[in-house]
Structures are given as C-alpha cells and as structure tokens.
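Here are a few exercises to work through with the structure on your screen. Try each task before you read its solution.

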Amino acid sequence: MNEEMLRPNPMIVITDPNYWDCDCDNNYIHKKSITLSCPVCKMTEDECSDSRPNEIKLHYKDYKDSNND
Ligand SMILES: [Zn+2]
C-alpha cells in the first residue's frame, strides 16, 4: 500500500461537470443543461472550466452536491 495515494491532493479542485464558469464578474455560473454559451461575455462551455460546488451554491440556492445524496 502506498500512503501517498491515500492522501487527498490539495492541487485537485473539485468541480461539478454539470456547471461551468464564464468570464463575467457576476452571474458567471451556468448550468450546462440550460446554456452552453454566455450571451454577455460570449464564452462557451468548452472554453471554460467547470464550476466549483461552493460557488454554485451561491448562485443556485436549490443546488445540492451530487455526491452527497
Ligand atoms: Zn459571461
């Protein structure tokens, strides 16, 4: 058993693949099932990274962690 493998890697950021962040300063979290491009900054989902659950919660009050049910 390699103990290094058991430790959580702080470099890995947990993201939710169902949401993405655009370049806007506000309302930058988009749900992929609803929109794949931002009408404001013109960024698209494939150019951007996925959103972090703690940030999604700020924008979507009914959001729940998918691995937490
Ligand atoms: Zn945008």
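**Warm-up: burial and confidence**

Of this protein's 69 residues, 12% count as buried, where buried takes 20 or more other C-beta atoms within 10 Å of a residue's own, exposed takes 12 or fewer, partly exposed is in between, and C-beta atoms are placed from the backbone. You're looking at a predicted model, in which local features need pLDDT of at least 70, side-chain atom pairs count only at pLDDT 80 or more, and totals for chains, interfaces and linings use all residues. Residues are numbered from 1 along each chain as its sequence is written.

**Exercise 1.** Find where confidence is lowest and where it is highest in the protein.

*Solution.* Start with the scale: pLDDT is the predictor's confidence in each residue, from 0 to 100. Next, take the overall picture: the mean is 88, and 87% of the residues reach 70 or more. Now go element by element: helix H1 (residues 3–6) is lowest with a mean of 66, while S3 is highest at 97.

**Exercise 2.** List the secondary structure and work out how the strands are arranged.

*Solution.* Begin by counting: there are two helices and three strands, taken as DSSP runs (H or I, at least four residues, for helices; E, at least two, for strands) and numbered from the N terminus. Along the sequence they read α-β-β-β-α. Then look at the sheet, which is open, with strand order S2-S1-S3 and antiparallel pairing. S2 and S3 each have a single partner strand, so these edge strands are left with one side lacking a neighbour in the sheet.

**Exercise 3.** Trace the bridges that S1 makes to S2 and to S3.

*Solution.* Two strands pair if DSSP finds at least two bridges between them. S1 and S2 run antiparallel and are joined by three bridges. S1 and S3 are also antiparallel, with two bridges. Now pick out residues: Asp16 sits opposite Ser51 in S3. Trp20 has Asp50 opposite in S3, and its bridge partner in S2 is His30.

**Exercise 4.** Describe the surroundings of Cys24.

*Solution.* First, place Cys24: the loop between S1 and S2. Second, judge its exposure: Cys24 counts as partly exposed because it has 13 C-beta neighbours inside 10 Å. Third, check what it touches, leaving out residues up to four places away in sequence: Cys38, Val40 and Cys41. A contact here needs C-beta atoms, placed from the backbone, within 7 Å. Finally, compare C-alpha atoms: those of Cys24 and Val40 are separated by 7.4 Å, though these residues are 16 apart along the chain. For the whole protein, residues 24 or more positions apart account for 48% of the contacts with a separation of 6 or more.

**Exercise 5.** Asn27 and Lys42 each have a positive phi; say where each one lies and whether it is buried or exposed.

*Solution.* Take Asn27: phi is about 50 degrees, although Asn27 is not a glycine. Asn27 lies in the loop between strand S1 (16–21) and strand S2 (29–31), and it counts as exposed because it has 10 C-beta neighbours inside 10 Å. On to Lys42, which isn't a glycine either and has a phi of about 70 degrees. Lys42 is in the loop between S2 and strand S3 (50–51). With 10 other C-beta atoms within 10 Å, Lys42 is exposed.

Definitions and conventions:
Contact = placed C-beta atoms within 7 Å.
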